[in-house]
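Let's walk through this structure together, strand by strand. Have the sequence and the 3D view ready, and turn the model as you read.

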Amino acid sequence: MIVARLAKQAMEHEEGMNHLWVRFELPRAGSIADVRLTVDLPEGVHRPPNLNGYPETDRGAILLGDSPEDYDVILELYTEEAAACGRAEIGIAVEYKDGETEVRAIQGISLELKAEDETEDWPVDEEVVERVKALQSSFKEKAAERAREFVIVPPIVRPRSGYFEDWEKKYRIDYSFNHR
């Protein structure tokens, strides 16, 4: 049900960056509601909000809505300060309600945290990289599309009488030329 893949299986333990692609399918039958994705990261590994723009709770649960569709969620992972080197486990949980039944599926994926000087040629999952690039380009296209939109504001036409107010006589440039 849950497929999780990392862009790189190893990551620098200090100031490192990686991407996690989580894909899962929900059953088509039943009444699916309140779909949530929770990602438990090892100590020292952090993440900003998901790159797809789904809303999140204060505790970091990603709210995916009530639709029984297939989901792709991409997360950026990073380390700021030195985390413990070695193999760490990322826990992924998908929760939803199917009618009155609460369903929870759990999947784990391992991540190797290494020192910078141990950075041999780490293999890169090109499919994850392509997913991240496609997501970023789609957001750029949507932003460009919104930038092309414009609003035409009709001019404000005020009915005038034939006389000028005192302040208009004082400040209008064309008053002194036209009304002498």
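Two residues are said to be in contact here when they have heavy atoms within 4.5 Å of each other. Please keep in mind that this is a predicted model.

With that in hand, a good place to begin is Asp 72, which lies in strand β7, spanning residues 71–79. Setting aside neighbours within four places in sequence, Asp 72 is in contact with Trp 21, Val 22, Arg 23, Asn 52, Tyr 54 and Arg 131. One of these partners deserves a second look: the side chains of Asp 72 and Arg 131 make a polar contact at 3.0 Å.

Now step back to the sheet that holds β7. Four strands form an open sheet here, in the order β1-β3-β7-β5, and their pairing is antiparallel. Which strands stand at the edges? They are β1 (2–6) and β5 (45–46); each has a single partner strand, so one side of each is left without a neighbour in the sheet. As a general reminder, strands of a sheet pair through backbone hydrogen bonds, in either a parallel or an antiparallel way.

Follow β1 to its partner next. β1 and β3 (residues 17–24) run antiparallel and are joined by five bridges. To find your way along this pair, look for Leu 6, which stands opposite Leu 20 in β3.

There is another sheet to visit. Five strands make up this open sheet, ordered β2-β9-β8-β4-β6, and here the pairing is mixed. At its edges are β2 (10–12) and β6, each of which pairs on one side only. From one strand to the next, the twist averages 30 degrees.

Within this sheet, β4 (residues 32–40) is a helpful strand to trace, with β8 and β6 as its partners in the strand order. How many bridges link β4 to β8? Seven, in the antiparallel sense, with β8 covering residues 86–98. Val 39 gives you a marker for this pairing, as its bridge partner in β8 is Ile 92.

Turn to β6 (residues 62–65), and you will find that β4 pairs with β6 in the antiparallel sense too, over three bridges. Two positions help you line up these strands: Leu 37 has Ile 62 as its bridge partner in β6, and Arg 36 stands opposite Leu 63.

Conventions:
Residues are numbered from 1 along each chain as its sequence is written. This is a predicted model: local features need pLDDT of at least 70, side-chain atom pairs count only at pLDDT 80 or more; totals for chains, interfaces and linings use all residues. Side-chain values use heavy atoms; hydrogens and water are left out. Two strands pair if DSSP finds at least two bridges between them. A polar contact is a pair of N or O atoms within 3.5 Å; within protein, one must be able to donate a hydrogen and the other to accept it, and residues adjacent in sequence count only if both atoms are side-chain atoms. Axes are lines fitted to C-alpha atoms, for helices over the stretch in contact, and angles run from 0 to 180 degrees between N-to-C directions.
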